[in-house]
Amino acid sequence: MSHGAQISAGLLAYRRRNEIEVLLAHPGGPFWAKKDDGAWTIPKGLVEPGDDLLAAARREFTEETGFVTGGDLTPLTPVRQRNGKTVHAWAFAEDFDLAGFASNTFEIEWPPKSGRRQQFPEVDRVAYFPLSVAATKIITYQRPFLAEIAQRLG
């Protein structure tokens, strides 16, 4: 794996109710607090050099949601962010009880230049959305994941 551009890996859970719904995560912290449409993401995180992509995706999913998957995973076509980061994802069917949601935390100086450090959840909430709603909620560069799910499961 190249040490150039960053790589992230994550998992995209889906369930079938009246229609296909996908599980998205809302980033935590003060920057994202008032953002909604275009802010949600699949649970994912950075892959360290030498990490197995799928193992990293599973680890990040569990760290950000508190959920563990043991089901079959279907690889999705990777996407690239404008900054050059590549995001790898796998889809799987699972209807999680969202009451079990729990996220790891990160620490930053907040407010800026205050000298005070505060902890925030990496993800402040998760929700299942029908694909049509998810297309509005998800960060733009990840929309191809939704289109691929719709094509495969539609």
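**Notebook: strand β2, Gln142 and the largest pocket**

I looked first at strand β2 (residues 20-27) and found that eight of its eight residues are buried, so the strand is largely enclosed by the rest of the structure. Buried here means under 20% relative accessible area, with a 1.4 Å probe and protein chains only, and strands are DSSP runs (E, at least two residues) and helices likewise (H or I, at least four), numbered from the N terminus.

I noted that this is a predicted model, in which local features need pLDDT of at least 70 and side-chain atom pairs count only at pLDDT 80 or more, while totals for chains, interfaces and linings use all residues. Residues are numbered from 1 along each chain as its sequence is written, and side-chain values use heavy atoms, with hydrogens and water left out.

I then checked the partners of β2, where two strands pair if DSSP finds at least two bridges between them. Strand β1 (residues 7-16) runs antiparallel to β2 with three bridges, and a hairpin of three residues joins β1 to β2. On the other pairing, seven bridges join β2 to the antiparallel strand β9 (residues 123-130), with His26 opposite Arg125 in β9.

Next I looked up Gln142, which sits in the loop between α2 (131-137) and α3 (143-153). Gln142 is buried, with a relative accessible area of 0%, and, leaving out residues up to four places away in sequence, Gln142 touches Thr41, Ile42 and Lys44, contact meaning heavy atoms within 4.5 Å.

Definitions and conventions
Buried means under 20% relative accessible area, exposed over 50%, partly exposed in between (1.4 Å probe, protein chains only).
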